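Colleague: I would like a close look at a single part of this model. Please keep it brisk.

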Amino acid sequence: MERIQAAIQKAKEQRSEAAPGAAAPGAPAPQGALAAARQARQGQAAPAAPVWGEIPAFEPDPHLMAKNRIVTFADADPAHSTFDMIRTKILRVMRQNGWSSIGITSPTGGCGKTTACLNIAFSLAHQPDVRTVLIDLDLRRPAVAGLLGLTRPQSMASVLQGTRPPEENFVRYGETLAIGTNTTGLRAASEILLSPATTDGVAAIKAAFQPDVIIYDLPPMLMSDDVIAFLPHLDCVLLIAAAEKSRLDEVDKCEQELSEQTQVLGVVLNKCRYGGEDYGYY
């Protein structure tokens, strides 16, 4: 509990900090996307250098996608309409408020948040005028790569810490969706997310990809302090609860803590077995 309280306090401090000033005298000149990110934070004009063309293209296996319930990939399952509605509501609110970053979390594990993230991301990929970046930020138990069948070693922690260029840790689906994954879990996830270097790492990703929407697949909120540590980098959060699994008190606790730090778009009830006659939702 003390660790979580410390993370909450740290998040509040980061949200209340003013934009940093010029770099300290004698500091080495930053390079690449990190340089653009730091220039933007210091009020300088950042060069327009999207790297979409440098990202390896990736074509998912349709059978694997269907098996893992990524229903918006092919739109063959009627359940895709539910995620399309969620996509449209997210886009409308984010555009109205000038937001670009959304985190998706759940009270506990097993609620289907990663599947929901992927379905929303591929639904957004059908919008030709929207560039979307999906980032697996569940650093302890990453799942995006496994659901997509990606096996190449990747490390979002290295990108956040500035030791790896963003474009080397992503794959591209079509022209409008970039996906950053992890292949191994980390025990010191909250320390990385609280690190000042992560602020520059997040800015570097934005400078490199210049996305309209960034989706962060966050860890379950009640399992660690990782979500609270990363909240200062988000514009809003969507909470995924699972029918017959998530307790009302868990949902209430998450909503309360999240609303103190950021904007909560709502709660999605996942894994509901009782839908309408024409629509399913998983």
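Colleague: In which helix is the place of Phe 230? Take that residue as the part to examine, then set out the rest around it.

Modeller: Phe 230 sits in helix H10, which covers residues 226–230. Keep in mind that the model is predicted. The relative accessible area of Phe 230 is 0%. The cut-off for buried is under 20%, so Phe 230 counts as buried.

Now its surroundings. Setting aside neighbours within four places in sequence, Phe 230 touches Leu 137, Leu 193, Thr 198, Val 202, Tyr 216 and Leu 218. Ser 190 is 40 residues away from Phe 230 along the chain, yet their C-alpha atoms are 8.3 Å apart.

Step back to the whole protein. It has 282 residues, and 51% of them count as buried, Phe 230 being a buried one. The fold holds eleven helices and seven strands. Take the contacts between residues at least 6 apart in sequence: 79% of these join residues at least 24 apart. The accessible surface is about 13,300 Å². Carbon and sulfur atoms account for 52% of that surface.

One more feature is the second largest pocket. Its volume is about 420 Å³. The lining has 21 residues. Nearest the pocket centre are Gly 109, Gly 110, Lys 113, Asp 138 and Pro 220. By class, the lining of this pocket splits into seven nonpolar, nine polar and five charged residues. Helix H5, residues 113–125, gives the largest share of that lining, with three residues.

Definitions and conventions: Residues numbered from 1 in each chain as written. Predicted model: local features only at pLDDT ≥ 70, side-chain atom pairs only at ≥ 80, totals over all residues. Heavy atoms only, no water. Helix = DSSP H or I, 4+ residues; strand = E, 2+ residues; numbered from the N terminus. Buried < 20%, exposed > 50% of the residue type's maximum accessible area, 1.4 Å probe, protein only. Contact = heavy atoms within 4.5 Å. Areas by Shrake-Rupley, 256 points an atom, 1.4 Å probe, with all protein chains shown as cover. 1 Å grid on protein atoms, 1.4 Å probe; cavity = no way out; pocket = protein on both sides within 12 Å on 5 of 7 lines; lining within 4 Å. Points joined across faces, edges and corners; volume = space filled by probe spheres on them. Nonpolar A, V, L, I, M, F, W, Y, C, P; charged D, E, K, R; others polar.
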